[in-house]
Amino acid sequence: MIVVLSKGVSEREKELIGIYLKDRGFGVREQTLGEAGIIGASGKGVADIRELSLLPGVERVAATTKPYELASRETKNEDTIVTVGGGSVPAVKIGGSRITVIAGPCAVESREQILETAAMIRESGAVILRGGAYKPRTSPYSFQGLGIKGLEYMKAAGEACGMPIVTEVVSPELANQMNDLVDMFQIGARNMQNYELLKKVGLMGKPVLLKRGPSATIEEWLLSAEYLMASGTKDVVLCERGIRTFETYTRNTLDISAIPVVKGLSHLPVIVDPSHAVGIRAMVSPAGLAAIAAGADGLTVEVHPRPDEALSDGPQSLFPGQFEKLMRDIEALAPVMGKELLRTPKPRLTIQGGITLPAVSAAADSQAAEQQGAEQKAAGSAGVCETAAYCGEAGAYAEQALTRVFGEGSPRLAVDSFPGIFNAVLEGKAGAGVVPVENSQTGSVHENYDLFLRYPDIAIVGELKLRIVHCLIADERADIDSIRIVRSHPQGFAQCKEFLDKHPDWVLEPSTTTATAVASIARDGALKVAAIAGEAAAKVYGLKVLREGIETNPLNYTRFVIIARKQGDKAAAPPSLGTVKVNKASLVFSVRDEPGSLFACLRILSEKGLNLSKLESRPIQGKPWEYLFYVDVSIPENAEDFHSVMDELKTKTRDFYFLGEYRASL
């Protein structure tokens, strides 16, 4: 069992709790799990849980039915999010609402090879660098790695490209030697049950990537994680990399079913290594995408600039172009799974030995740091902060979008109206805002598009497409036959029309947001009232899902835009949003009342290579039969100077509003 200690518990109280447990036949260990102090009690002892719960210093007692107590979801129901890196490289989170991709060669072969690989995978979107410095090989004559020298090369490449590194530790003796050079230890499949190594690495307290052994059961895998956690680390990432079966067409058999099974049993994040699972380059991407579809929190993929020349695992290593395509496919698949591909800000580029790399020299680092500090100071003086604003209450779809963009732990500000988001950003109460502007079924949210005309100092700096899965939510004691009233945002009603048509006797009551509708049921304790909202809102307010997936069309997406305050001609987005290359812009204009005026505007866009991805007209308030045109354009790689095109377009329009340029969400 697990005894969760109260905040402020004294040493004497902990001592008495330990004595109580030992007197009743338990082995006792003290540890930290998340932010809580705990005492783990193991063995065949017997204790009255109610009596134990009343001891001074005890917050609660969790009696688990699993032998892996610390790793069990019975002990900690919420998902663990593991943070890797920080300091000299950006911190990367594994778990939660984002998909994290780790990539790199099987082995570090030279300084040039690892630098080239790191720069290439970073450009494609990987956020953690992998590579082997010590290689446990089946044959004693195979390449065994460069050892500490290889690890030093890898550390330098990671710092140059702004990525934490993960590498395998093969013996307890090497753990101390490697500790200052790695951001995350990897326990390889062959060492999954090397318990002395697990205890030593767990004692180091760093994040650990734990690979499943080729013949290990899921319980044995989780018990190995328990060794790490019981020894001191709380940050363990589980990695499924295929198990040994009778099949010979692939290197191993990727156990896709292990992903949902483990995520149901444990709170730890789960990633997949498709490279070792299949062992054949052509099969790596399909297996990786299948893992994402099954709910994996990320992938670790072997990539090499020239796989045919690789000293280790060349046949399963992706070429750079294959990895780039895999990353694009993940980005397209992620919204279907309710997730977002994790990206981190990229450092400034330079050239070293013919390789395009982020600046690594001391002078360049100093210059970059000085520039970043000046930018942050300027942003701070203008009122930019890391808080993001959204409309609604906890559990709203907008909050889910916010989490996908800024992360689970990001500070947020809930407001009660869409203009409230714009005001919060304009006044500096929030550095950014999350605003819905379009739904794939019901079209544009016109009131929010119109807000951009009322707030000319606000611009779009990003976008996100969130899959909307509607649920019918009610009190735990209610059932569908007892429902008489349904509350939701009007868009929620429109998107669930077919389901609602089957219940014509229900009274529909509109709410400001879907989450507000759920909150009202929890607040009132209503038994005959249900709400249409997302499952996340039901969890927040402790309510029950009566029906899941009641939207008329499962291809139901809402497009959210990220807004920020303009500083000069551009918007100053919070640093956590990162810096990415823009490829889309939004604008609004009206045209003169003369033949061919709209055609003249569209011809400019066409001739300059700007693809029109949205064109919608809206009546101008107070001017009957006059219209504004809302336009989205895709900016190609080889576009001429974009802003000169915008200047030319202004000469053909009557009113012109530039809403912002940003990276399109797939």
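Begin by selecting G609 in this predicted model: G609 lies just after helix 20 and takes a positive phi of about 80°.

From there, step back into helix 20, residues 597-607, and colour S597, A600, C601, I604 and L605, which are its buried residues. Looking down the helix axis, you will find these buried residues within an arc of 140°, so they line one face of helix 20. As a general point, an α-helix has 3.6 residues a turn, so residues three or four places apart point the same way. Now rotate to the face turned away from the buried side of helix 20, where the exposed residues F599, S606 and E607 are carried.

To see what the buried residues of helix 20 pack against, add strand 30 (584-590), strand 31 (611-620), strand 32 (623-634) and helix 21 (642-650) to the selection.

Next, move to the largest nonpolar core, which has 77 residues, and pick out I121, L129, V169, M178, L210, L238 and F323, the members that touch the most other members. Centre the view on F323: apart from its neighbours within four places in sequence, F323 is in contact with V101, A103, I121, S124, A126, V301, V303 and L318. A second core, separate from this one, comprises 25 residues, among them A389, F422, A424 and V561.

Finally, colour the chain by pLDDT, for which the mean is 87, with 90% of residues reaching 70 or more. Select residues 358-384, where the pLDDT is below 50, although this stretch has 27 contacts in the model beyond near neighbours in sequence. Where pLDDT is low, the predicted coordinates should not be read in detail.

Technical notes. Residues are numbered from 1 along each chain as its sequence is written. This is a predicted model: local features need pLDDT of at least 70, side-chain atom pairs count only at pLDDT 80 or more; totals for chains, interfaces and linings use all residues. Side-chain values use heavy atoms; hydrogens and water are left out. A nonpolar core is a set of buried Ala, Val, Leu, Ile, Met, Phe, Trp, Tyr and Cys residues joined through side-chain atoms within 4.5 Å. Buried means under 20% relative accessible area, exposed over 50%, partly exposed in between (1.4 Å probe, protein chains only). Contact means heavy atoms within 4.5 Å. Helices (H or I, at least four residues) and strands (E, at least two) are DSSP runs, numbered from the N terminus. The arc is that of the directions from the helix axis to the C-beta atoms. pLDDT is the predictor's confidence in each residue, from 0 to 100.
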